[in-house]
Amino acid sequence: MVSYKELGLVNTVELVKKAVKGGYAIPAYNFNNMEQLQAIVQACVETKSPVILQVSAGARKYANQTMLRYMAQGAVEYAKELGFNVPIVLHLDHGDSFELCKNCIETGFSSVMIDGSSLPYEENVALTKKVVEFAHSQKDYVTVEGELGVLAGVEDDVSAEHSHYTQPQEVQDFVKKTGVDSLAISIGTSHGRMKFKPEQCTKTADGVLIPPPLRFDILEEIEKRLPGFPIVLHGSSSVPIEYVKIIEKFGGKLSDSVGIPEEQLRKAAKSAVCKINIDSDGRLAMTAMIRKVFSEKPDEFDPRKYLGPARDELKKLYMHKNLEVLGSAGKA
Ligand code: G3H
Ligand code: 13P
Ligand code: ZN
């Protein structure tokens, strides 16, 4: 049993309170390896931004849970070494069972998400409540994110997507019954690099897809019902066309890529949305740089020579997000 405080981590209580009040969002960046983590820490130290490090079940499987915990502890020390002790949260992304959440809480996570969004409402309430009771009863209070509404996936048909938006009339009851610290909602974002089907989008003259806007009307309804309550947006990568183009130029194939435009995320960050989840953009940045090196330097076989440029690009991306999109720069 290890508490996150021993690792130098913080939970999200104070961070989200400040973010909602201050009209910005805390970046929640996923990591699976050292280069991603170094880029996140470097970017957040340089921009003086608080940060939520997210670990998915897949990341735990890929990198090993013990490694990830020590890497998060290493991130805290690395930030200090770089000269600024930014607040760092270690968060379980999309926990799907009580056991997984419990295990993370007992091994140093300061925050967990229990994602019961695909369950019937009452089952989601019961599971989320169970995780909250456990997390909040720890010696050091662990924060819990719940989810209501299912993020649309590109495979869903259009009518199903609409029925998956968060229903504002449920949010008060859910928060009251479960005691969650924050709530992830579905207003049109989705995971991955294809956030909308081409037929849902319009096209620019040169064929770039323009997605339909997020449902800010639903967000406003939710804010009315839960004034000041911390709201989370998943699936918030912008899928920069520059990266898609580099990847395709150097042999990749990523047709129909479309993300959430930055101006919509900027608008969301000014509302009660206080945590914005970004993973796919980092994957695109790394892949673009690695493909470029492989193509331009076919004799290169030192991993540092392609992971290094990928890490530098990631840092640039995260700094841009903190400074220009989320508004978290200078808030640490
Ligand atoms: O929400 C999903 C995140 O992008 C994590 O993805 O499950 O492939 O690690 P993953
Ligand atoms: P993206 O796929 O849009 O980066 O979303 C990541 C996410 O929501 C992680 O929970
Ligand atoms: Zn997510």
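This report describes the pockets, the cavity and the two ligand sites of a predicted model.

Local features are given at pLDDT of at least 70 and side-chain atom pairs at pLDDT 80 or more, whereas totals for chains, interfaces and linings use all residues. Residues are numbered from 1 along each chain as its sequence is written, chains are lettered from A and ligands numbered from 1 in the order in which they are written, and side-chain values use heavy atoms, with hydrogens and water left out.

## Open and enclosed space

Rolling a probe the size of a water molecule over the atoms shows where empty space is left. On a 1 Å grid over the protein atoms alone, a cavity is a set of points where a 1.4 Å probe fits but cannot get out, and a pocket is an open set with protein on both sides within 12 Å along at least five of seven lines; lining residues have an atom within 4 Å of a point. Grid points are joined across faces, edges and corners, and a volume is the space filled by probe spheres set on the points.

The largest pocket has a volume of about 620 Å³. Its lining is made of 31 residues, and V208, S238, V239, P240 and I241 lie nearest the centre. Helices (H or I, at least four residues) and strands (E, at least two) are DSSP runs, numbered from the N terminus. Among these elements, β8 (209-210), α10 (241-249), α11 (262-269) and α13 (303-326) each supply at least two residues of this lining. The most comes from α10, with six residues.

The second largest pocket, of about 260 Å³, is lined by 20 residues, with N30, H191, D279, S280 and R283 nearest its centre. At least two lining residues come from each of β2 (51-56), β3, β10 and α12 (280-296).

The structure also holds one cavity of 30 Å³ or more. About 50 Å³ of space lies in the largest cavity, whose lining includes T12, V16, H91 and S111. Strand β5 (residues 143-148) gives the largest share of that lining, three residues.

The table sorts the linings by class: Ala, Val, Leu, Ile, Met, Phe, Trp, Tyr, Cys and Pro count as nonpolar, Asp, Glu, Lys and Arg as charged, and the others, Gly among them, as polar.

| Space | Nonpolar | Polar | Charged |
|---|---|---|---|
| Largest pocket | 14 residues | six residues | 11 residues |
| Second largest pocket | three residues | 13 residues | four residues |
| Largest cavity | three residues | five residues | two residues |

## Ligand 1

Ligand 1 sits in the second largest pocket; a molecule sits in a pocket or cavity if more than half of its atoms lie within 2 Å of its grid points. The residues around ligand 1 are N30, S56, D93, H94, H191, D279 and R283, where a residue is near a molecule if one of its heavy atoms lies within 4 Å of it. This shell has no nonpolar, four polar and three charged residues.

Polar contacts are pairs of N or O atoms within 3.5 Å. A side-chain N or O atom of D279 is 2.6 Å from an oxygen atom of ligand 1. For R283, a polar side-chain atom lies 3.1 Å from a ligand 1 oxygen atom, and for H191 the distance from a side-chain N or O atom to an oxygen atom of ligand 1 is 3.3 Å. Taken alone, ligand 1 exposes 300 Å², of which the protein buries 67%; accessible areas come from the Shrake-Rupley method with a 1.4 Å probe.

## Ligand 2

The second largest pocket is also the space taken by ligand 2. Elements giving two or more residues to the shell around ligand 2 are β3 (88-95) and β10 (273-278). There are 16 residues around this ligand, and D93, K195, S237, D279 and S280 come nearest. By class, the shell divides into one nonpolar, 12 polar and three charged residues.

A polar backbone atom of G235 is 2.8 Å from an oxygen atom of ligand 2. H191 places a polar side-chain atom 3.1 Å from an oxygen atom of ligand 2, and a side-chain N or O atom of H234 is 3.1 Å from an oxygen atom of that ligand. On its own, ligand 2 has 310 Å² of accessible area, and the protein covers 96% of it.

Definitions and conventions. Polar contact = N/O pair within 3.5 Å; in protein donor to acceptor, adjacent residues only side chain to side chain.
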